[in-house]
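Please work through the exercises below with the sequence and the model side by side. Try each task before reading its solution.

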Amino acid sequence: MLKVLLADNQALTLAGLVSILSGKEDISIVGQVTYREELSPQLELHKPDLLIVDYDIPGYITKSDLADAREISPATQQLVISSDDNKTNILEVLQSGVIGYLTKECSREEILMATYAVARGEKFFCHKILNIIMEKHFSPEVTVASPTVLTARETEILALLASGYSTQKVADELHLSPHTVHTHRKSIIRKLNIKSPTEFVIYALDFGLIKPK
């Protein structure tokens, strides 16, 4: 059973997350934090597998609180779902150790995919966050003229392909048809201007989607 702690003082956001996650038999919402002072006690009490949190609400949880949360419960992974559009803030949060980041415009499917992936210790970013990462890691001479946008599904497929999965194996892993995977693969190649199989690995490493062996 995947134990999840929610931390957001916006009632609508909490209600939405509860609606999305409570329908899954393998997910247990162990608590809902609406005030900053509640976060540490809830982490100590439940030691959840995953903390889904927003740090960008004035007077509420801050970036430093995310670091404190890791000290209190090191085994708890963190998935940020935020409306913060400050690139510096976002990069600081990612560099601090957060491995999952979505915006509040993300779909139900992306939230569920991110929940399971981050709980497993895998990195998961929506396309807006990937754009920001790419802007930091690639110079204008290396990238295409405008920021590249990968969908959540394309990001997932890129990681698998870079890990050595064949088209058929990716299809089996994600419960897709080989034709669908092939279509996504062509889209990834076009968007990232990939010219060789090796570049799948290079991009995935730079995005933090896979770890160096």
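**Exercise 1: Two cysteines**

The sulfur of Cys 106 has its closest cysteine sulfur in Cys 126, at 4.0 Å, which is too far for a bond. Keep in mind throughout that the model is predicted.

Task: Determine how many disulfides the model contains, and decide whether Cys 106 and Cys 126 are buried or exposed.

Solution. Begin with what is being looked for: a disulfide is a covalent bond between the sulfur atoms of two cysteines. The cut-off for such a pair of sulfur atoms is within 2.5 Å, and the 4.0 Å that separates the sulfur of Cys 126 from that of Cys 106, its nearest cysteine sulfur, leaves Cys 126 in no disulfide. The count therefore comes to zero disulfides by the 2.5 Å rule.

Next, take the accessibility, where buried means under 20% relative accessible area. Cys 106 has a relative accessible area of 14%, so Cys 106 is buried, and Cys 126, with a relative accessible area of 1%, is buried as well.

**Exercise 2: The sheet**

Task: Work out the order of the strands in the sheet, name the edge strands, and follow the pairing from strand to strand.

Solution. The sheet is open and has six strands, which pair in parallel in the order β2-β1-β3-β4-β5-β6. Its edge strands are β2 and β6 (124–125), each of which pairs on one side only.

Now follow some of the pairs. Strand β1 pairs with strand β2 (residues 27–33) in the parallel sense over six bridges, and Lys 3 stands opposite Ser 28 in β2. Strand β3 (residues 50–53) runs parallel to strand β4 (residues 77–82) and is joined to β4 by four bridges, with Val 80 in β4 as the bridge partner of Val 53. Four bridges also join β4 to β5, again in parallel, and here Ser 82 stands opposite Thr 103 in β5.

Finally, consider burial. In strand β1 (residues 2–7), five of the six residues are buried, so β1 is largely enclosed by the rest of the structure. In a regular strand the side chains alternate between the two faces of the sheet. In β5, Gly 100 and Leu 102 point one way while Tyr 101 and Thr 103 point the other way, and all of these are buried.

**Exercise 3: Two helices and one threonine**

Task: Describe how helix α1 and helix α5 pack, and find which residues Thr 115 touches.

Solution. Two packed helices are described by the angle between their axes and the distance between the axes. For α1 (residues 11–21) and α5 (residues 108–119), the angle is about 70 degrees and the axes are 10 Å apart, which means that α1 is roughly perpendicular to α5. Leu 17, Ser 19, Ile 20 and Leu 21 of α1 make the contact with Arg 108, Ile 111, Leu 112 and Thr 115 of α5, and these residues divide into five nonpolar, two polar and one charged.

Then place the helices against the strands. Helix α1 lies across β1, β2, β3 and β4, and runs at about 170 degrees to β2, whereas α5 lies across β1, β2, β3, β4, β5 (100–103) and β6, and runs at about 155 degrees to β4.

The last step concerns Thr 115, which is found in helix α5. Thr 115 counts as buried because its relative accessibility is 0%. Leaving aside residues up to four places away in sequence, Thr 115 touches Leu 2, Leu 21, Ile 27, Leu 50, Ile 52 and Leu 79.

How values were computed:
Residues numbered from 1 in each chain as written. Predicted model: local features only at pLDDT ≥ 70, side-chain atom pairs only at ≥ 80, totals over all residues. Heavy atoms only, no water. Axes fitted to C-alpha atoms, helices over the stretch in contact; angles between N-to-C directions. Parallel < 35°, antiparallel > 145°, perpendicular 65-115°, else oblique. Contact = heavy atoms within 4.5 Å. Nonpolar A, V, L, I, M, F, W, Y, C, P; charged D, E, K, R; others polar. Buried < 20%, exposed > 50% of the residue type's maximum accessible area, 1.4 Å probe, protein only. Pairing = 2+ DSSP bridges.
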